[in-house]
Amino acid sequence: MSIMASHTLSSKATTCASASTGVGATAAALPIRRLVSGKEAALASTFALGAGSTQLKRLTMKGQCRSVSRNKHMTVATATMKVEAKDSWISKALEVCAPGSTGDAVSAVQTSAVEYLKSIDLPNTRTEAYRFTDLLPLVKAQLVVPSEATDISLENYALEQADKSRIVLVDGIFRADLSDLSGLPAGVTVGPLSAVSAPASTLGKQSAEFGSVFAQLNTACMADAVVVVVEDGVQCAAPLHVLVLSSAGPTAESTAASHPRLLVAAGTGASIEVVEEFGGAAAASSGAYFTNAVAEIVLAEEASVKHSVVQSQTAGAIHMKATFVQQAANSSYALTEASTGSQLARHDIKISQQGAATSTTMRAFLCAGKNQLLDTHSSLVLDHPNGTSDQLHKCIAAAPTARAVFDGNVKVNKLAQKTDAQQMSRNLLLCPRATVNVKPNLQIIADDVKCTHGCTVSDLEDEELFYFQARGIDPDTARSMLVFSFGQEVVQGLEYKDLRGRVEQRVKQTLDSATN
């Protein structure tokens, strides 16, 4: 039996009654507790350049010539990698990136990604998956290699609980001088790919199979990657804070491009919490940059990963992110996301339950203000019995020029009997012409499942406002309280006060600017 249900809702302040479909209602690397020093990282790199020095070295790789500048902080491409791709924008994007030294195995993955990119076009609004996502700001951007970032402050990104479990990437490059991993327990290995070996056949596998053009571009251009390996049975109590900062282009007309990468491998019975936070370096507050991030997460049997993603990029930023998750039997993955920054931001989530009794939870809150487009595309595939999934997506479009997109697909295949899958999208439009495009999609091929999905798009209810006014609260304050509390159901899932405070402050700024 096959049931497919989908809804597309747009713009006006209307409400779609919740749709529900129910069928058969039953339901061995070095444990890095210290930092890899600049000298060790340099020795581990095939560049073999001394830490603290600045040198140029010509490299020849598969017939392509590029020049690389190395200093104690980062690797910066100074020449271009000429690739004749079918799409001119892709060709230009590849020209301003030259991968760092990531080893022969990863180089093969990068070569494969480049070959893939040669033959495809950049998606546009005629492409179904990008129907409501206009990439024009990215197409018009003049991409350049980021300049060396020297004015880096972590003052605005403090996370007390992760003070000794923090790893920092600046423009996609690991910064040992800003990172501190001394609080990690034995059995947890964290570091850059240039110094820590990734589990065999793990890096790039999911992105190659399921990734879009941007995930493939990240693979082709990544200069390094953060690798997190949790050994079997190890419980990591402290959260791992992965802070990804981006710097702006050197001129007002340029857009600096970076491609940060994260790989998490949790062993049998292991558990870890990862907090990914994206923001601008101090000097990027008034400039433009393009962050193209990828995270690959692999959970072995009975492993548990809590994953928080906070996207608070600056107003001129363009943010593309892909998250790929592969779950074995009895594993648990929980994602909590808050997205408030960037002029254009998109998050593609691909999750595959590859074992029985697997649990997946997704919570997302988007707050779009003036001239912002925030997009979430998620795909969850259940292939085994007794799996569970629970997805809640909430969005506020606060200005006439605010746009948001949600496309959530849950597929329950034939063998996924006794599945319990829930999906809900709730959206708040605060003014005329604010737009939300929503498409919850539930595909059921199994015949003994309990699955529901639904969607609402509306303005604030008059009855809710009257409740506050009847208690002496003025209309503006009442409206502000109701709007702010709308996202708290998701934001409260960010357990740490510092992190929640930054999200709440950004939401307040967005709402205030939308009314001025």
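**E276 and its surroundings**

I'll start with a side-chain pair: E276 and H307 are joined by a polar contact of 2.8 Å. Please keep in mind that this is a predicted model.

The side chain of E276 has a polar contact with K321 as well, at 2.9 Å. So within this set we have E276 paired with H307 and with K321.

Where does E276 sit in the fold? It belongs to strand 13, which covers residues 271–280.

Is E276 buried or exposed? Its relative accessibility is 2%, and the cut-off for buried is under 20%, so E276 counts as buried.

Next, the neighbours. Leaving aside residues up to four places away in sequence, E276 touches V242, L262, A295, H307, S308, V309, V310 and K321. H307 and K321, the two polar partners, are among these contacts.

Now to a second site, helix 2, residues 88–95. What caps the N-terminal end of this helix? The cap is D87, with a side-chain oxygen 2.9 Å from the backbone nitrogen of W89. W89 is also one of the buried residues of helix 2; the others are I90, S91, A93 and L94.

Last, the chain as a whole. It has 516 residues, and 57% of them are buried. E276 is one of the residues that count as buried. The secondary structure consists of 10 helices and 25 strands. The accessible surface is about 20600 Å², with 51% of that belonging to carbon and sulfur atoms.

To close, back to the starting point: E276, buried at 2%, in strand 13, with side-chain polar contacts to H307 and K321.

Definitions and conventions
Residues numbered from 1 in each chain as written. Predicted model: local features only at pLDDT ≥ 70, side-chain atom pairs only at ≥ 80, totals over all residues. Heavy atoms only, no water. Helix = DSSP H or I, 4+ residues; strand = E, 2+ residues; numbered from the N terminus. Buried < 20%, exposed > 50% of the residue type's maximum accessible area, 1.4 Å probe, protein only. Polar contact = N/O pair within 3.5 Å; in protein donor to acceptor, adjacent residues only side chain to side chain. Contact = heavy atoms within 4.5 Å. Areas by Shrake-Rupley, 256 points an atom, 1.4 Å probe, with all protein chains shown as cover.
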